[in-house]
Amino acid sequence: MTSQSQGIQQLLQAEKRAKDKLEEAKKRKEKRLKQAKEEAIAEIDHYRLQREKEFRNKQTNVMGSQGNLSAKIEEQTKETVRNLTSSYHKNMESMMKKLLSTICDINPEVHPNFRHTV
């Protein structure tokens with residue numbers, strides 16, 4: 001009976017050791033998963049920062065050239081406005097005279113398509 005009791009005790013101790021080893025393995029697994037997750041997050045952040053830096057560089061290159069284009073377009077627009085304004089001031093007087101003469105100087109005439117029937 002004592003040998004059975006000792007055998008049971010040994011089985012219980014073996015079961016307890018196995019249970020402890022399982023818990024330890026689960027803890028190591030959880031710890032490794034957390035570590036892997038942190039490493040993945042760090043790698044993702046590093047990659048994201050790298051891509052954002054590349055994007056900013058490309059954006060600066062493109063926007064820089066757009067800034068130059070914008071400045072050129074702005075200068076061309078100002079030049080066009082100056083030309084139109086000078087043309088307006090130069091031709092305003094003569095156009096006003098033409099317009100007023102056309103409106104005020106009326107010469108009554110019979111229209112060429114008018115048919116007088118008697």
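In the predicted model, the protein chain exposes about 12,100 Å² of surface, of which carbon and sulfur atoms supply 57%. Of the 118 residues in the protein chain, 0% count as buried, a class that would require a relative accessible area under 20%. The secondary structure amounts to one helix and zero strands. The radius of gyration of the protein chain is 48 Å, well over the 13 Å that the globule rule gives for 118 residues, and the chain is therefore more spread out than a compact globule. Along the principal axes, the C-alpha atoms fill a box of roughly 150 × 50 × 20 Å.

The helix in question, α1, comprises residues 2-104. The spacing of positions along the chain can be illustrated with K58, whose place is in helix α1: the C-alpha atoms of K58 and A18, which are 40 residues apart along the chain, are separated by 59 Å. K58 has a relative accessible area of 58% and is therefore classed as exposed, given that the exposed class begins over 50%.

With regard to charge, the protein chain carries 24 positive and 17 negative side chains, and the centres of these two sets lie 6 Å apart. Seven salt bridges are present in the structure. One of them is formed by E24 and R28, for which the closest N and O atoms are 3.5 Å apart. These two residues, E24 and R28, are four residues apart in helix α1, so that about one helical turn separates them. The partners fall into separate accessibility classes, since E24, at 49% relative accessibility, counts as partly exposed, whereas R28, with a relative accessible area of 53%, is exposed; the boundary between the two classes lies at 50%.

A further group of charged side chains is centred on R82, which takes part in salt bridges with E75 and with E79. The side chains of R82 and E75 meet at an N to O distance of 3.4 Å. In the pair formed by E79 and R82, the closest N and O atoms are 2.7 Å apart, and both residues lie in helix α1, three residues apart, which corresponds to about one turn of the helix. Through salt bridges that share partners, E75, E79 and R82 are joined into one network. Each member of this network is classed as partly exposed: the relative accessible area of R82 is 44%, while E75 stands at 45% relative accessibility and E79 at 36%.

Besides these charged groups, the surface also bears a nonpolar patch, which is formed by Y88, M92, M96, L99 and I103 and has about 510 Å² of accessible area together. Among the residues of this patch, M92 is found in helix α1. At 34% relative accessibility, M92 counts as partly exposed, and this value also satisfies the requirement that patch residues have over 30% relative accessible area.

Notes
Residues numbered from 1 in each chain as written. Predicted model: local features only at pLDDT ≥ 70, side-chain atom pairs only at ≥ 80, totals over all residues. Heavy atoms only, no water. Patch = residues over 30% accessible without salt bridge, like charges linked within 9 Å, V, L, I, M, F, W, Y side chains within 5 Å. Areas by Shrake-Rupley, 256 points an atom, 1.4 Å probe, with all protein chains shown as cover. Salt bridge = Lys/Arg side-chain N within 4 Å of Asp/Glu carboxyl O. Buried < 20%, exposed > 50% of the residue type's maximum accessible area, 1.4 Å probe, protein only. Rg over C-alpha atoms; globule rule 2.2 N^0.38 Å. Lys, Arg positive; Asp, Glu negative; His and termini not counted. Charge placed at Lys NZ, Arg CZ, Asp CG, Glu CD.
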